[in-house]
Amino acid sequence: DHRSSVMDMITGSLPIAVAVALLYRRATAPKAPKAPKASRSDRWRNIYSRKGIQADNTTPLHVLGGYDMFTLQQWLDQISILVGDKGPATTFNRNLAILPTEKVLEVGVGGGAFIDALQKIFGHFEMNGIDYCQSLIDRASARLVGNFAQGDARDLSPVPFATDASFDVVISFGVTQYLNSLIDVEKKFAEMVRVAKPGGRVVCCEVSDSAKEYIADAIRAKANAGRKQISNDVLTHLYIPKKFWATEMCEKYDVSFVGLVDHSDLGLNYATAPYRYSVFFVKN
């Protein structure tokens, strides 16, 4: 090794020229490239994949989705406030009022907690969902009646049922914060618009507000106070400015902006609600 070569040179068992050549070769040898750091999206996918594997078919879907602070009825009430007929009035109509004849696609369906809540609130409709975690798709498929497939929110084209202008409602809930960049968010939005029918509702729920990142930091610091840090790997969220939707997406895509609502204005009462918002569009 390096040390033995030096010792050999010092003790005279190697010619000095040979020793120097060995040392130079080792010093200038190319180092093995470091493995690329996993992206935010990949790191979160690993976590949710494990959750799907560890759960079973008796785990309540809203618990699998991370809303274990609620009973099922409380969970349904939260969703009714957000996209149903409960909660305070806003300047636009948030009620999706999904009809039995309509087809709904959830992009980032997870284990199915949100789309299942929609069906419990509005009644039967055709369920469709994609998620990047196969283990969660397996859970949704085992518990719900519909079409569920593994896929990438940024490119739905490999999913057989994600065809152009196919869905009356295309919605995501709590997905954007796990993406890597605004470029990825735009790709997801473009795909949502592509598969929506003309006149279809395109809705992105549970978006982390870049103007309120300080609130998220304070909530997280309080929750972690006194906890032993077991890893230096801090999982992060993507925060998105509101103008991204009302200005940039409406300029680039054939949609009309319906409205945006802060979750804090609706009285939603889970931990992340103070810095989240939802945004509503209609495809032209």
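A residue counts as buried when its relative accessible area is under 20%. That cut-off is handy for looking at the salt bridges in this predicted model, which holds 15 of them.

Take the pair formed by lysine 212 and aspartate 262, whose closest N and O atoms sit 3.7 Å apart. The two come from distant parts of the chain, 50 residues apart: lysine 212 is in the loop between β5 and α9 (213-224), and aspartate 262 belongs to strand β6 (residues 255-262). Both lysine 212 and aspartate 262 are buried. The pair doesn't stand alone, either, as salt bridges with shared partners join Asp209, Lys212, Lys242 and Asp262 into one network.

Then there is glutamate 102, which forms a salt bridge with arginine 201 at 2.9 Å between the closest N and O atoms. Glutamate 102 lies in the loop between α5 (72-83) and β1 (103-107), while arginine 201 is in strand β5 (residues 196-208), so this bridge ties together parts that are 99 residues apart in sequence. Glutamate 102 has a relative accessible area of 10%, so it counts as buried. Arginine 201, at 18%, is under the 20% cut-off and therefore buried too.

A more local case turns up within helix α6 (residues 113-122), where lysine 120 and aspartate 116 lie four residues apart, about one turn of the helix. Their side chains meet in a salt bridge with an N to O distance of 2.8 Å. Here the two partners differ in exposure: aspartate 116 is buried at 12% relative accessible area, whereas lysine 120 is partly exposed at 46%.

How values were computed: Residues are numbered from 1 along each chain as its sequence is written. This is a predicted model: local features need pLDDT of at least 70, side-chain atom pairs count only at pLDDT 80 or more; totals for chains, interfaces and linings use all residues. Side-chain values use heavy atoms; hydrogens and water are left out. A salt bridge is a side-chain nitrogen of Lys or Arg within 4 Å of a carboxyl oxygen of Asp or Glu. Buried means under 20% relative accessible area, exposed over 50%, partly exposed in between (1.4 Å probe, protein chains only).
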